[in-house]
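This report goes through one protein chain, from individual residues with unusual backbone geometry to the fold and its pockets. The structure is shown first, and the text that follows refers to it.

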Amino acid sequence: ETANLTGLTIGQPVFVRVYTYGAGIASNFNICVGTAPPPPANDDCAGAVALTVNTGMSCTSQTAGTVQSATNSGIAVTPCAGTADDDVWYSFTASQATHIVSLNGVAGSVTSMNFQVFSGVCGTLTSVACGATGSAPTTTVNSLTAGQVYYVRVYTNTSTGGQNTTFNICVTTPPVGPPVNDNCAGAVGLTVNAGQTCTSQTFGTVFGATGTADATCAGAEDDDVWYSFVPTATAHRVS
């Protein structure tokens with residue numbers, strides 16, 4: 001059991017009483033008072049942490065963050081969702097018209113997170129995209145202007161204070177046009193691992209891919225990409 005106390009007066013005593021939930025129960029316990037850290041440096045838009053924009057689709061460079069001790073910036077979340085009472089801020093400079101913003105490795109007291117992308121400058125921001133964690137914790141942001149700075153705020157999807165959630169935030173750059181292996185003729189060669197462990201694996205994406213008019217197993221092959229490998233045995237496993 002924990003209680004997050006706010007609005008305290010420094011130097012003024014606070015009394016805490018402890019008792020069992022039911023009658024006639026004898027219990028032992030440890031009681032502790034902790035001190036939360038000060039708000040993070042990027043608690044407001046003016047202190048936004050600059051993010052490195054990855055040149056590809058992989059989060060090679062990502063930035064660690066936390067909402068612990070963060071406060072409300074006082075900027076409406078509409079048209080996005082959630083309660084931005086513990087938002088922290090980031091910025092990135094667009095290198096093309098489309099980028100993807102994602103949250104990874106979310107952990108802590110709450111793992112349901114929201115984020116919002118803005119154009120403009122601190123004090124006169126315009127919401128351009130919304131995102132949230134879940135099955136697809138990424139948001140593709142379109143109609144960006146290369147060379148322009150954009151702001152991202154991240155916050156928990158709860159109005160309960162005292163959250164200590166941590167996360168990694170990442171900005172990636174999708175390819176312009178179809179990937180090189182959009183068709184069979186451009187299939188990317190795969191390394192065949194000698195054992196069952198994927199020691200060597202190849203990154204891929206269907207972003208911008210088109211369909212190929214070939215027989216399919218299940219699903220809709222409207223965005224297929226192609227690979228090839230040379231067998232080194234009579235049986236292999238593809239994963």
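## Backbone outliers in the loops

In this predicted model, S69 is partly exposed because its relative accessible area is 21%, a value that does not fall under the 20% cut-off for a buried residue. S69 belongs to the loop that connects strand 2 with strand 3, and its phi, near 70 degrees, is positive although the residue is not glycine. Most residues other than glycine have a negative phi, and most peptide bonds are trans. The loop between strand 2 (63–66) and strand 3 also holds P79, and the peptide bond leading from T78 to P79 is cis, with omega near 10 degrees.

Another positive phi, near 60 degrees, occurs at S143, again in a residue other than glycine. S143 sits in the loop between strand 7 (138–141) and strand 8 (149–156). Is S143 buried or exposed? S143 is exposed, because its relative accessible area of 70% is over the 50% cut-off.

## The surroundings of H99

H99 is part of strand 4, which covers residues 99–107. With a relative accessible area of 0%, H99 counts as buried, because the class takes in every value under 20%.

Once neighbours within four places in sequence are left aside, the contacts of H99 include V53, F92 and A94, and also T139, T140, V141 and L144. Further contacts of H99 are made with V171, T172, T173 and P174. V67, by comparison, is 32 residues from H99 along the chain, and the C-alpha atoms of these two residues are separated by 24 Å.

## An aromatic pair across the chain

How many aromatic pairs does a search of the whole structure find? The search finds three. One aromatic pair is formed by Y90 and F167, whose ring centres are 6.2 Å apart and whose planes make an angle of 80 degrees, so that the pair is edge-to-face, a class that needs an angle over 60 degrees. The pair joins distant parts of the chain, since Y90 is in strand 3 (residues 88–93) and F167 is in strand 9 (residues 166–172), with their positions 77 residues apart. Both Y90 and F167 are buried.

## Fold and overall dimensions

The chain contains eleven strands and zero helices, so the order of its elements from the N terminus is β-β-β-β-β-β-β-β-β-β-β. Among contacts between residues at least 6 apart in sequence, 75% join residues at least 24 apart.

The radius of gyration of the chain is 24 Å, whereas a compact globule of 239 residues would have a value near 18 Å. Along the principal axes, the C-alpha atoms fill a box of roughly 75 × 50 × 25 Å. Of the 239 residues, 28% count as buried.

## The two largest pockets

The largest pocket encloses about 1400 Å³ of space. Its lining consists of 35 residues, and those that lie nearest its centre are A3, N4, L5, V33 and G34. By class, the lining of the largest pocket has 14 nonpolar, 17 polar and four charged residues.

The second largest pocket has a volume of about 640 Å³. This second largest pocket is lined by 20 residues, with L190, N193, R237, V238 and S239 closest to its centre. Its lining divides into eight nonpolar residues, eleven polar residues and one charged residue.

Note on methods:
Residues are numbered from 1 along each chain as its sequence is written. This is a predicted model: local features need pLDDT of at least 70, side-chain atom pairs count only at pLDDT 80 or more; totals for chains, interfaces and linings use all residues. Side-chain values use heavy atoms; hydrogens and water are left out. On a 1 Å grid over the protein atoms alone, a cavity is a set of points where a 1.4 Å probe fits but cannot get out, and a pocket is an open set with protein on both sides within 12 Å along at least five of seven lines; lining residues have an atom within 4 Å of a point. Grid points are joined across faces, edges and corners, and a volume is the space filled by probe spheres set on the points. Ala, Val, Leu, Ile, Met, Phe, Trp, Tyr, Cys and Pro count as nonpolar, Asp, Glu, Lys and Arg as charged, and the others, Gly among them, as polar. Rings of Phe, Tyr and Trp (its six-membered ring) pair if their centres lie within 6.5 Å; planes under 30 degrees apart count as stacked, over 60 as edge-to-face and the rest as tilted. Helices (H or I, at least four residues) and strands (E, at least two) are DSSP runs, numbered from the N terminus. Buried means under 20% relative accessible area, exposed over 50%, partly exposed in between (1.4 Å probe, protein chains only). The radius of gyration is taken over C-alpha atoms; the globule rule is 2.2 Å times the number of residues to the power 0.38. Contact means heavy atoms within 4.5 Å.
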